[in-house]
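Visitor: I would like a close look at one part of this structure. Please take me through the sheet and its surroundings, step by step.

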Amino acid sequence: MSKAKNININLKIWRQKNAKDKGNIVDYKLDNVSTDSSFLEMLDQLNEELIIKKESPVAFDHDCREGICGMCSLFINGRAHGPDTGNTTCQLHMRKFNDGDTIFIEPWRSKAFPVIKDLVVDRSAFDRIQQAGGFVSVNTSGRTIDANATPVPKEDADKAFMAAACIGCGACVASCKNGSAMLFVGAKVSQYALLPQGKVEATQRVLNMVRQMDEEGFGNCTNTGACEVECPKGISLENIARMNREFLKASVL
């Protein structure tokens, strides 16, 4: 591993006071950034300097900082989560940048993800899609059956777990030229469609989730594939195909 060093960078960050504000790119210069620091730690460093200067800090979302929650969603130099593949913004480190680099930082761009402030967007549309059908109603009282007592083919179990790896960060939407949420919805439909526990409500689930997706204003899929490429968890396009099959089957029943 190369030894850590300090670099100086130029930042161009989207600043927007609220959803009604027009917003604009603001330039910042940040010196002595350790290449061992994460991208979010770099933003923390910037905010500390802004607070000292009695300026408004840059608002950005974060929580676990372990690549699990998906909240640290930023568009960095034209790519969701930055120049690396297979990681979230919080897993991106400043060693990926060089001394003197200019870094553009923007929020997700989607009609269904309105900006709240600066780099923070409202992704509650994803919550409403899951609430529409991304659950299993099981009576756990009385004669509860142990999960291991229900045989599941290993291939199906593996695919279900891979679909369930989706963290709902929204990189698929931000990367899609149509602002489509079909990779996200496909993953949520798939993780239940592949398991016996999800079969009971399968028909109503896919119809409800697709309907809610459309109502939220997400675009349609045109098979560009940018969503899979930029997804930090590598969710496969196969999940979109499976959702389409489930939707078609449910529509004709």
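Guide: Start with one pair of residues. N10 stands opposite K29, a residue of strand 2. That pair belongs to a longer match. Strand 1 covers residues 6-15, strand 2 covers residues 24-34, and nine bridges join them. The two strands run antiparallel. Bear in mind that this is a predicted model.

Now look at another partner of strand 1. Strand 5, residues 102-106, is joined to strand 1 by four bridges. Here the direction is parallel. Within this pairing, K12 stands opposite F104 of strand 5. Both kinds of pairing have a common basis. Strands of a sheet pair through backbone hydrogen bonds, in either a parallel or an antiparallel way.

Step back to the whole sheet. It is open and has five strands, in the order 2-1-5-3-4. Its pairing is mixed. Strand 2 and strand 4 (79-80) are at the edges, and each has a single partner strand, so one side of each lacks a neighbour in the sheet. Helix 1, residues 39-52, packs on this sheet. Helix 1 touches strand 1, strand 2, strand 3 (75-76) and strand 5. The direction of helix 1 makes about 105° with that of strand 2.

Next, follow the chain into the loop between strand 1 and strand 2. Q16 is placed there. Is a loop residue like this buried or exposed? Q16 has 7% relative accessibility. Buried means under 20%, so Q16 counts as buried. Its surroundings can be listed. The side chain of Q16 makes a polar contact with the side chain of W14, at 2.8 Å. Setting aside neighbours within four places in sequence, Q16 is in contact with D21, K22, G23, V115, K117 and D118.

Two more residues deserve a stop, for their backbone angles. Most residues other than glycine have a negative phi. N32 has a positive phi, near 55°, and is not a glycine. N32 lies in strand 2. The relative accessible area of N32 is 53%. The cut-off for exposed is over 50%, so N32 is exposed.

K54 is the other stop. K54 sits in the loop between helix 1 and strand 3. Its phi is positive too, about 65°, although K54 is not a glycine. K54 has 78% relative accessibility and counts as exposed.

To retrace the route: strand 1 pairs with strand 2 in antiparallel fashion and with strand 5 in parallel. Q16, in the loop between strand 1 and strand 2, is buried. N32 and K54 are exposed.

Definitions and conventions:
Residues are numbered from 1 along each chain as its sequence is written. This is a predicted model: local features need pLDDT of at least 70, side-chain atom pairs count only at pLDDT 80 or more; totals for chains, interfaces and linings use all residues. Side-chain values use heavy atoms; hydrogens and water are left out. Two strands pair if DSSP finds at least two bridges between them. Buried means under 20% relative accessible area, exposed over 50%, partly exposed in between (1.4 Å probe, protein chains only). A polar contact is a pair of N or O atoms within 3.5 Å; within protein, one must be able to donate a hydrogen and the other to accept it, and residues adjacent in sequence count only if both atoms are side-chain atoms. Contact means heavy atoms within 4.5 Å. Axes are lines fitted to C-alpha atoms, for helices over the stretch in contact, and angles run from 0 to 180 degrees between N-to-C directions.
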